[in-house]
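Dear colleague,

Please find below the structure that I am handing over to you. A short account of the findings comes after it.

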Amino acid sequence: MIRSADELVKYLDLPVSLAKQAAAGEKQFPVRVTRHYADRIEKGNLRDPLLQQVLPLDAEGLMTEGYSSDPLAESQFQATQGILHKYHGRALLVTTGACAIHCRYCFRRHFPYQDHRQSLSDWEESLQIISRDPSISEIILSGGDPLMLTDSHLGKLLSVVESTPHVRTLRIHTRLPVVLPTRVTEGLLQLLSETPLKTVIVIHSNHPREIDPLTGDALEQLSRHADALFNQAVLLRGINDNGNTLAELSETLFQHRVLPYYLHLLDKVTGAAHFDTQSHTIDQIMQDLRSRLPGYLVPRLVQEIPGEKSKSPVWA
Ligand SMILES: *Cc1c(COP(=O)(O)O)cnc(C)c1O
Ligand code: SF4
């Protein structure tokens, strides 16, 4: 695990001056990259689309109008620590603040994770809220990355969710199969196949180069043990904001039995404005994707607008 810009820059034979540039951004949101992910990055290439997702730049220090530390107004929706219930039928549990990789565009970069405790007894209050509300039929494990929890921890959480009669579906939002494919363990696969809940896994990959053979195998394993397997991506300037890259991403993922779900417009979080895409480019990209892919490989372009009852479609 790489835990500083200094280490990352050395590992990838990049100019040392880059590590200095990263200092301010690092203070706000530390650098974290798995070896697996770092090994997908081309050494010495400053423009590498994977590198750009993990290396802090000077631009993170810019204050930009319209950007804030809590762009989704999540702090308003927390019924209690660790649960977000914004949409009908679905409650999202913040199971842990930890991630195996820190993505610089992440809207949770300012999230007060230390307030989100992680032992099972701490979830009791969230789980009680769920058991008292029969309208909730799906529990989404999110974070951070819920697969940062051990299999035994996940198993305990699952058995509590399973004992709530109105919950039928368990969804896991995770980037770990992409950045640390060895996390897809026998134990995890067993949990998925044994639970009576319907299981949905939503991975997060933004670029076809993130899908190497190990990750591909992990995804195929997941698809055999879960009821549905999807990918969500974020549209990122200079990284995947063109039809070629996104078409290749959909096609590569489908080779490993993953279907595209959402393509998110960037959440306007302070420090990430340099990742935002222009609207004329967005139109072009979507037209391009529609004209070259089968409908089932075209992701739904959405934006999260605080107060709305669902994610909002951007391009119909
Ligand atoms: C995105 C999100 C969901 C899931 O929405 P879907 O459209 O079902 O994928 C649920 N709860 C919260 C708080 C969310 O941000
Ligand atoms: S929550 Fe997801 S997008 Fe954000 S830093 Fe963690 S892995 Fe990256």
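The notes that follow cover the ligand site, the nonpolar cores and the aromatic rings.

This is a predicted model, in which local features need pLDDT of at least 70, side-chain atom pairs count only at pLDDT 80 or more, and totals for chains, interfaces and linings use all residues. Residues are numbered from 1 along each chain as its sequence is written, chains are lettered from A and ligands numbered from 1 in the order in which they are written, and side-chain values use heavy atoms, with hydrogens and water left out.

Around ligand 2 are Cys99, Ile101, His102, Cys103, Cys106, Gly144, Arg175 and His204 (each with a heavy atom within 4 Å of the ligand).

The largest nonpolar core (buried Ala, Val, Leu, Ile, Met, Phe, Trp, Tyr and Cys residues joined through side-chain atoms within 4.5 Å; buried means under 20% relative accessible area, with a 1.4 Å probe and protein chains only) has 83 residues, of which Leu8, Ile130, Ile139 and Leu222 touch the most other members. Another core, of five residues, lies apart from it and includes Val202, Tyr261, Tyr262 and Val302.

The structure holds four aromatic pairs (ring centres of Phe, Tyr or Trp, the latter by its six-membered ring, within 6.5 Å; stacked if the planes are under 30 degrees apart, edge-to-face if over 60, otherwise tilted). Tyr261 and Tyr262 are stacked because their ring centres lie 4.0 Å apart and their planes are at 25 degrees. Both Tyr261 and Tyr262 are buried, and ring pairs link them with Phe230 into a cluster.

Yours sincerely

Terms used. Buried < 20%, exposed > 50% of the residue type's maximum accessible area, 1.4 Å probe, protein only.
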